[in-house]
Amino acid sequence: GKREGFATIPQVTWDDIGALDEMKKELTNNIILPILEPGRFEAFNIASPAGVLLYGPPGCGKTLLAKAVANASKANFISVKGPELLNKYVGESEKSVRQVFSRAKASAPCIIFFDELDALVPKRGGDSTNQVTERVVNSLLAELDGFEGRKQVYVIAATNRPDIIDPAILRGGRLDKLLYVPLPTNDEKVSILEALIRKTPLEQDVNLKQIAHDKRTDGFSGADLGSLVKESALNAILTGKKTVCMGDFNHAMNKVFPSLSQKDRKSY
Ligand code: ATP
């Protein structure tokens, strides 16, 4: 993969993402259009928000969506994992936050993707906070508020735990949309499988609908479906075939299990 923290335009397109149609629409209206057609927004004098916060269970497409938004806007993409910015030395973490934003401005139009935002901005005064995190929250808020001069820099943040994030981050003009990226329904699983097998040579007998509705794929995330496709292809390769057949998927469904337990699924 690409080195983290460096700006490039990602290769991921909408076609790589199954389901999530509502999400694609929201992101198009809130980020892609303002980047591609800024004039349409300026004329009405509405301040564009700094970005959006995606939340939901792991492996359901948050990172893919952020990359596809950058691709569709022809914007550079800077990916930052929350915990990586935290540094125990006083002042270092805030400096890192400022550096991310100044790099983004220098490569505008640019999308900053903050993954695991909860590590970076936990509720102030809560259990997991300390001086470092309090100062990081403040510096991130300052950057988001200073977005008047930011123009073509947008933030897409992601978390599995919106409940432990400092609510100030979601106040007007900052990350002002909270968008839920859910586990897929069975029909959505068909759409995700279609996206995942686009570059896989398939036998006629492969029935994606049957796979999506098979009990063994209950509770599968997009990432689990990705593992299933990979496992099926591996089985075809190792048995000396040139295409993947339904038998390979059946084999894979006995080997790949949902990464979220039933209990965890209910908590999202
Ligand atoms: P995390 O919370 O763990 O960071 P995430 O929500 O960001 O997870 P992604 O990294 O976007 O999840 O997805 C992981 C992998 O799962 C993708 O690379 C892709 O193979 C597959 N995947 C997940 N959701 C979808 C989807 N909607 N369509 C196609 N593939 C998907």
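Which elements are included in what covers the buried residues of helix 3? In this predicted model, the cover of those buried residues includes helix 1 (21-36), strand 1 (51-55), strand 2 (76-81), strand 3 (110-115) and strand 4 (153-159). The residues concerned, within a helix that runs over 62-72, are Lys62, Leu65, Ala66, Ala68, Val69 and Ala70. An α-helix has 3.6 residues a turn, so residues three or four places apart point the same way.

**From helix 3 into strand 2**

Just after helix 3, Lys74 takes a positive phi of about 50 degrees. The loop between helix 3 and strand 2 also holds Ser73, which is buried because its relative accessible area of 2% falls under the 20% limit. Leaving aside neighbours within four places in sequence, the contacts of Ser73 are Ile32, Ile35 and Leu36.

Thr28, whose place is in helix 1, has a C-alpha atom separated by 9.0 Å from that of Ser73, although the two residues are 45 apart along the chain. With a relative accessible area of 26%, Thr28 is partly exposed, and, not counting residues up to four places away in sequence, Thr28 touches Trp14, Leu33 and Pro34.

**Strands and their pairing**

Strand 1 is largely enclosed by the rest of the structure, because four of its five residues are buried. Strand 1 pairs in the parallel sense with strand 4, over five bridges, and Leu54 stands opposite Ala158 in strand 4. Strand 1 also pairs in the parallel sense with strand 5, again over five bridges, where the bridge partner of Gly51 is Leu175 in strand 5.

Strand 2 is likewise mostly covered, with five of its six residues buried. Its pairing with strand 3 is parallel and extends over six bridges, and the partner of Lys81 in strand 3 is Asp115.

**Aromatic pairs**

The structure holds three aromatic pairs, and two of them are set out here.

| Pair | Centre to centre | Angle between planes | Class |
|---|---|---|---|
| Tyr55 and Tyr180 | 5.1 Å | 35 degrees | tilted |
| Phe77 and Phe113 | 6.0 Å | 20 degrees | stacked |

The pair of Tyr55 and Tyr180 links distant parts of the chain, with Tyr55 in strand 1 and Tyr180 in strand 5 (residues 175-180), 125 residues apart. Tyr55 counts as partly exposed because its relative accessibility is 23%, and Tyr180 counts as partly exposed at 33%.

The pair of Phe77 and Phe113 also links distant parts of the chain, joining strand 2, which holds Phe77, to strand 3, which holds Phe113, across 36 residues. Are these two rings buried or exposed? Phe77 is buried, with a relative accessible area of 5%, and Phe113 is buried as well, with a relative accessible area of 1%. The stacked class of this pair follows from its planes, because 20 degrees lies under the limit of 30 degrees.

**The largest pocket**

About 600 Å³ of space lies in the largest pocket. Its lining is made up of 25 residues, of which Gly59, Cys60, Gly61, Leu64 and Ala223 lie nearest the centre. The elements that give two or more residues to this lining are helix 3, strand 4, helix 8 (186-196) and helix 10 (222-238).

Which element gives the largest share of the lining of the largest pocket? That share, four residues, comes from helix 3, the helix whose buried residues include Leu65 and Val69. By residue class, the lining divides into 10 nonpolar, seven polar and eight charged.

**A site on helix 7**

Val132 lies in helix 7 (residues 131-145) and counts as partly exposed, because its relative accessibility is 23%. The C-alpha atom of Val132 is separated by 8.5 Å from that of Glu94, a residue 38 places away along the chain.

**Drawing the parts together**

Helix 3 takes part in two of the settings described above: its buried residues are covered by elements that include strand 1 and strand 2, and the helix gives four residues to the lining of the largest pocket. Strand 4 likewise recurs, being among the elements that cover helix 3, a parallel partner of strand 1, and one of the elements that give two or more residues to the pocket lining.

Methods: Residues numbered from 1 in each chain as written. Predicted model: local features only at pLDDT ≥ 70, side-chain atom pairs only at ≥ 80, totals over all residues. Heavy atoms only, no water. Buried < 20%, exposed > 50% of the residue type's maximum accessible area, 1.4 Å probe, protein only. Contact = heavy atoms within 4.5 Å. Pairing = 2+ DSSP bridges. Phe/Tyr/Trp six-rings, centres within 6.5 Å; stacked < 30°, edge-to-face > 60°. 1 Å grid on protein atoms, 1.4 Å probe; cavity = no way out; pocket = protein on both sides within 12 Å on 5 of 7 lines; lining within 4 Å. Points joined across faces, edges and corners; volume = space filled by probe spheres on them. Nonpolar A, V, L, I, M, F, W, Y, C, P; charged D, E, K, R; others polar.
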